[in-house]
Structure formats: structure tokens, C-alpha cells
Amino acid sequence: MFQPLNAKVDPPNYNFSLNTLEEFYPDKNLDDLIKKYGKPEVLSKQGQTETMRFYVEHIRYKFPVLVQTQQGKILDVFAKLPSYFLHDIFFQSLVNRIGKQNIFKKYLEEAVYIWEKDNLKYVYSAACTITCFPLFLTIHPIKPLKGFKPLVETMKEAVPRN
């Protein structure tokens, strides 16, 4: 009456590696990204600082990665992660790479994890409904250049508060 299922089911982000995002880390060269991902869309330019959007693509995913650059160097990165990535897998890969988070904050169904390591601040946000999923990952220097505002801070200011 019942037949066994002989199908392999892989999580949607089974082949995603944090090594992909390392190419976007602060102090990396913009030219290297352009060679690999093509010409980015320039979103804004203020003085010597440009905000650009790249897309990371694979067979199973495509998501935007924003970078701020100055004189060919990346200042910070903001990756809007696909909601079908599995939080448990992504978070565990962050812990394996960076270690235990320094700060954890939870508000209703959302959580923010913050690491400070090697002069970089990593901020990862996730949310839960029926399952848990990642929202974003941003990486910027702990002590940024004078006058520099990380992308996550700019976005936070753009959200209306009650």
C-alpha cells in the first residue's frame, strides 16, 4: 500500500559557501569583483565614496550584495540573503568561521547576532515564522574612517520609527 520514497532532498543553500562573500569583505579590491561579477549598478555617489550593487548568482539562488567603495577599495558590504536559505545552516557556518557571537538581541520574531573580530564587525539578522530564515549579513570596520557611515546604519535611518 505504501511505497518508499527514494528521493534526495537538499536544502536550498546546500552548496553556498561563505567563501563567496569573502570576496566582498572590507579592504578587498573592487577590480577583482568587477572581473568576476561584471560591472555593478552604481546606486549613489557622495564625494569619493560610491555605493554599488552586485548580484551573487548560482543555479539555486540569486541575491544582491551592496558595497561601498572608495578609491578602488571596499569599505563595507551588505548582503540581502535569500529567505529560502536555511538559518540553521547559514548561522552554523558563521559560527564555524567567526566563532561565538559577542552580542545577541531578539525582538519578537527577529534576532540579531553581532561578532567583533579582526577589526571587523559582522552583523547577521534572521527571523522566524513557521521556519527560521536569514535576512541579511553586513560587515564593516569596527572603527570606520572619519565621515564614513556603514550601509546598515544608512538603511536603519531610512526606516520610519513609530
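Guide: A residue is called buried when its relative accessible area is under 20%, exposed when it is over 50%, and partly exposed in between (1.4 Å probe, protein chains only). The model is predicted: local features need pLDDT of at least 70, side-chain atom pairs count only at pLDDT 80 or more, and totals for chains, interfaces and linings use all residues. Residues are numbered from 1 along each chain as its sequence is written, and side-chain values use heavy atoms, with hydrogens and water left out.

Visitor: What makes E41 count as partly exposed?

Guide: The relative accessibility of E41 is 40%. That value lies between the limits for buried and exposed, so E41 is partly exposed.

Visitor: How do you know which helices and strands the chain has?

Guide: They are DSSP runs, numbered from the N terminus: a helix is H or I over at least four residues, and a strand is E over at least two. By that rule the chain has four helices and eight strands. From the N terminus the order is α-α-β-β-β-β-α-β-β-β-β-α.

Visitor: Why is the pair of E41 and R53 called a salt bridge?

Guide: The term requires a side-chain nitrogen of Lys or Arg within 4 Å of a carboxyl oxygen of Asp or Glu. The N to O distance between the side chains of E41 and R53 is 2.7 Å, so the pair meets the definition. E41 belongs to strand β1 (residues 41-46) and R53 to strand β2 (residues 49-57). R53, at 22% relative accessible area, is partly exposed as well.

Visitor: How many salt bridges does the rule give, and which residue pairs with R97?

Guide: The count is three. In one of them R97 pairs with E22, with the closest N and O atoms 2.7 Å apart. This pair links distant parts of the chain, from helix α1 (residues 18-22) to helix α3 (residues 87-98), and its members are 75 residues apart. Side chains of opposite charge can pair when their charged atoms come close.

Visitor: What does the pair of E23 and K36 tie together?

Guide: E23 and K36 form a salt bridge with an N to O distance of 2.7 Å. E23 lies in the loop between α1 and α2 (30-37), whereas K36 lies in helix α2, so the pair joins parts that are 13 residues apart in sequence. K36 has a relative accessible area of 53%, over the limit for exposed, so it is called exposed. E23, at 27%, is partly exposed.

Visitor: Why is D76 said to have no salt bridge?

Guide: Lys and Arg count as positive and Asp and Glu as negative, while His and the chain ends are not counted. The nearest side chain of opposite charge to buried D76 is that of K149, 11 Å away, so the distance condition for a salt bridge is not met. D76 is part of strand β4 (residues 73-80).

Visitor: What makes the approach of D76 and Q68 a polar contact?

Guide: A polar contact is a pair of N or O atoms within 3.5 Å; within protein, one must be able to donate a hydrogen and the other to accept it, and residues adjacent in sequence count only if both atoms are side-chain atoms. The side chains of D76 and Q68 are joined at 3.0 Å, which is within that limit. In addition, a polar atom of the D76 side chain lies 2.7 Å from the backbone nitrogen of L151.

Visitor: Why is L137 called buried?

Guide: Its relative accessible area is 3%, under the limit for buried, so L137 qualifies. L137 lies in strand β8 (residues 132-141). Contact means heavy atoms within 4.5 Å, and beyond four places in sequence L137 touches residues including L21, F90 and Y124.

Visitor: Which residues touch the most other members of the largest nonpolar core?

Guide: A nonpolar core is a set of buried Ala, Val, Leu, Ile, Met, Phe, Trp, Tyr and Cys residues joined through side-chain atoms within 4.5 Å. The largest holds 32 residues, and L21, F24, F63, V65, F90 and Y124 touch the most other members. Another core, of seven residues, lies apart from it, with I114, F136, L151 and V152 among them.

Visitor: What makes D118 and N119 count as exposed?

Guide: D118 has 62% relative accessibility and N119 has 63%, values over the limit, so they are exposed. D118 lies in the loop between β6 (110-117) and β7 (120-128). Neither is a glycine, yet phi is positive, about 55° for D118 and about 65° for N119.
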